[in-house]
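I set out to record what can be looked up about charge pairing and burial in this structure. The entries follow in the order in which I made them.

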Amino acid sequence: MATGQLFSRTTQSLFYNYKQLPIQRMLDFDFLCGRETPSVAGIINPGAEGFQKLFFGQEEIAIPVHSAIEAACAAHPTADIFINFASFRSAAASSMAALKQPTIRVVAIIAEGVPESDTKQLIAYARANNKVVIGPATVGGIQAGAFKIGDTAGTIDNIVSCKLYRPGSVGFVSKSGGMSNELYNTIARVTDGIYEGIAIGGDVFPGSTLSDHVLRFNNIPQVKMIVVLGELGGRDEYSLVDALKQGKVNKPVVAWVSGTCARLFKSEVQFGHAGAKSGGEMESAQAKNQALKDAGAVVPTSFEALENSIKETFEKLVEEGKITPVKEVKPPQIPEDLNTAIKSGKVRAPTHIISTISDDRGEEPCYAGVPMSSIVEQGYGVGDVISLLWFKRSLPRYCTHFIEICVMLCADHGPCVSGAHNTIVTARAGKDLVSSLVSGLLTIGPRFGGAIDDAARYFKDAYDRGLSPYEFVENMKKKGIRVPGIGHRIKRGDNRDKRVELLQRFARTHFPSVKYMEYAVQVETYTLSKANNLVLNVDGAIGSLFLDLLAGSGMFTKQEIDEIVEIGYLNGLFVLARTIGLIGHTFDQKRLKQPLYRHPWEDVLYTK
């Protein structure tokens with residue numbers, strides 16, 4: 001066991017098993033104390049590497065993350081404190097691995113429930129190698145104005161109220177982490193504060209004992225008096241009794257063992273800690289308090305009287321000139337986290353993204369205000385979800401059914417179209433699903449799939465201006481623009497696209513009005529008089545019918561319809577549909593284990 005100080009203002013640590021809040025609290029304490037360097041040198045997070053961003057005062061810093069203890073110790077040889085936030089299942093193994101590193105001097109084990117046999121092995125190894133274990137089941141420890149472990153002493157507000165941002169004159173050791181916070185506050189009220197405080201942990205076999213730390217405090221010149229808080233159960237306090245009787249401690253010790261109320265119960269009582277269970281008269285709080293008093297410690301008559309005993313002891317030392325009370329200093333202001341400040345109403349921060357279609361902040365995600373459970377329970381389909389996320393409203397069932405039909409009809413058009421071809425070639429090159437899909441989607445544009453939006457725009461403009469099919473087609477011809485939605489490489493006037501016929505039949509049966517579609521049919525009649533392949537294709541059918549859906553539903557204003565067409569909603573429908581097919585082609589090629597594609601020579605015209 002170490003014989004002097006465990007920590008200093010330059011102490012650095014390695015933090016095992018990343019926990020954002022306790023690490024940030026350590027860094028905030030560093031800043032509060034005026035440290036120049038952060039007390040956390042590195043983070044060990046098994047299976048992860050890189051950096052973790054945290055704050056050191058106002059400055060954002062990147063703390064290295066290592067996947068293994070050995071690598072972290074090698075990278076940060078000056079970090080000699082190992083703060084172990086592993087669960088009880090792995091705390092012993094990781095702690096032993098840390099103790100075996102030559103650079104590690106102190107290991108703090110936060111987890112409760114570490115098997116006692118494992119703890120005994122850790123204690124034996126640490127003592128044999130002159131190293132210190134704090135815990136298990138500890139909140140850690142603190143040297144005021146210098147270094148603290150994890151969540152020790154709680155929030156910044158509590159640290160400031162307990163004057164822990166600068167060193168005092170009291171050494172404090174306790175079994176309980178929660179009671180440590182109480183005593184830090186008590187000591188700060190009646191003395192100049194603590195110099196160092198340790199919570200050894202409440203397990204039956206703590207890695208270091210109350211007397212271990214009392215003897216350390218006795219060797220630290222800045223510590224002028226010692227406060228000890230024990231509890232019923234175990235016999236740790238008797239080693240302190242022996243040290244007092246043998247004259248090993250020459251500084252005033254104020255001690256109290258809690259649990260005197262246990263005698264009021266008829267049966268044996270188990271308090272919060274594993275070790276807080278009396279195993280006989282000697283382990284009772286009364287017996288321990290009496291033994292400490294007989295050995296020379298200042299022992300009050302009750303816990304309520306402890307504060308006054310500490311005060312009287314401190315004041316006596318001041319009168320004797322053994323303590324010159326520390327002058328108070330004003331600590332720097334810790335910048336408040338933005339999220340905390342916003343919640344408390346202290347700041348207004350502009351947002352960077354606006355979302356009007358979905359919200360995941362509540363108990364369940366909502367699409368356009370409709371909870372996910374309602375979507376499932378009411379039997380909504382894909383078309384309903386599209387209507388909520390794209391149009392921000394629940395469209396009538398015939399509208400959402402039409403959307404679903406469009407998705408099904410446009411999902412695929414064989415392996416030879418440019419999008420499918422690109423996807424197939426990419427998949428055969430061994431690329432992943434997303435890469436293969438994107439390679440196909442990138443071909444969607446004015447020549448492949450992009451005609452739906454253009455067809456809707458031009459058909460709407462012509463119909464709304466009252467142009468006859470003749471005027472519309474001839475004006476487009478004069479501008480050198482092909483009529484979007486008209487024309488097909490394969491289909492003819494006497495061999496129409498079955499998909500177009502299905503869409504038209506559905507619309508005539510269910511839509512309140514099909515004025516835009518009928519206008520498109522009139523345009524088709526005129527274009528067929530020019531050439532037999534100038535038929536209304538599926539892009540033109542969907543484009544014109546979507547205009548009818550928007551106008552006939554009565555749920556959209558003219559301005560909204562113009563915006564939907566202008567933004568490119570309808571082309572989005574083709575992208576969504578074709579994604580299904582392109583994913584299918586990717587899986588098809590992967591399943592068939594097709595080799596790298598090479599285009600045949602005979603299909604290339606080589607020219608000089």
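**Entry 1. A pair within the 460s.** I began with Asp461, which is partly exposed at 37% relative accessibility, because it lies between the 20% and 50% limits. I note that the model is a predicted one. The partner of Asp461 is Arg465, and in this salt bridge the closest N and O atoms are 3.1 Å apart. Arg465 is exposed, its relative accessible area being 52%. I recalled that an α-helix has 3.6 residues a turn, so residues three or four places apart point the same way.

**Entry 2. A pair across a stretch of chain.** I then looked up Arg496 and found a salt bridge to Glu524, with 2.6 Å between the closest N and O atoms. This pair links distant parts of the chain, 28 residues apart: Arg496 is in the loop between α18 (469-478) and α19 (498-510), and Glu524 is in helix α20 (residues 515-528). Is each partner buried or exposed? Arg496 is partly exposed, with a relative accessible area of 35%, whereas Glu524 is buried, with 7%.

**Entry 3. A buried pair.** Next I took Glu237 and Lys288, which form a salt bridge whose closest N and O atoms are 2.7 Å apart. Glu237 belongs to helix α8 (residues 236-245) and Lys288 to helix α9 (residues 285-294), so I entered the pair as one that links distant parts of the chain, 51 residues apart. Glu237 counts as buried at 1% relative accessibility, and Lys288 likewise counts as buried at 1%.

**Entry 4. Surroundings of α9.** Which residues of α9 are buried? I listed Ala285, Ala287, Lys288, Asn289, Ala291 and Leu292. The cover over the buried residues of α9 includes β12 (225-231), α8 and β13 (253-258). After α9 comes Gly296, and I noted its positive phi, near 115 degrees.

**Entry 5. Salt bridges over the whole structure.** How many salt bridges does a search of the whole structure find? I recorded 27. Lys460, Asp464, Lys558 and Asp562 are linked in a network of salt bridges. As a general point, side chains of opposite charge can pair when their charged atoms come close. For the protein I counted 66 positive and 64 negative side chains, and the centres of the two sets lie 4 Å apart.

**Entry 6. A loop residue.** I looked up Thr324 and placed it in the loop between α10 (306-319) and α11 (338-343). Thr324 counts as exposed, at 67% relative accessibility. Its C-alpha atom is separated by 9.9 Å from that of Gly168, although their positions lie 156 residues apart along the chain.

**Entry 7. Overall form.** I closed with the protein as a whole, which has 23 helices and 16 strands. Its radius of gyration is 38 Å, well over the 25 Å that the globule rule gives for 608 residues, so I entered the protein as more spread out than a compact globule. The C-alpha atoms fill a box of roughly 115 × 55 × 50 Å along the principal axes. Buried residues make up 49% of the 608 residues. Of the contacts between residues at least 6 apart in sequence, 73% join residues at least 24 apart. The exposed area is about 29800 Å², and carbon and sulfur atoms supply 54% of it.

How values were computed: Residues are numbered from 1 along each chain as its sequence is written. This is a predicted model: local features need pLDDT of at least 70, side-chain atom pairs count only at pLDDT 80 or more; totals for chains, interfaces and linings use all residues. Side-chain values use heavy atoms; hydrogens and water are left out. Helices (H or I, at least four residues) and strands (E, at least two) are DSSP runs, numbered from the N terminus. The radius of gyration is taken over C-alpha atoms; the globule rule is 2.2 Å times the number of residues to the power 0.38. Buried means under 20% relative accessible area, exposed over 50%, partly exposed in between (1.4 Å probe, protein chains only). Contact means heavy atoms within 4.5 Å. Accessible areas come from the Shrake-Rupley method with a 1.4 Å probe; for residues, only the protein chains shown count as cover. Lys and Arg count as positive and Asp and Glu as negative; His and the chain ends are not counted. The place of a charge is taken as NZ of Lys, CZ of Arg, CG of Asp or CD of Glu. A salt bridge is a side-chain nitrogen of Lys or Arg within 4 Å of a carboxyl oxygen of Asp or Glu.
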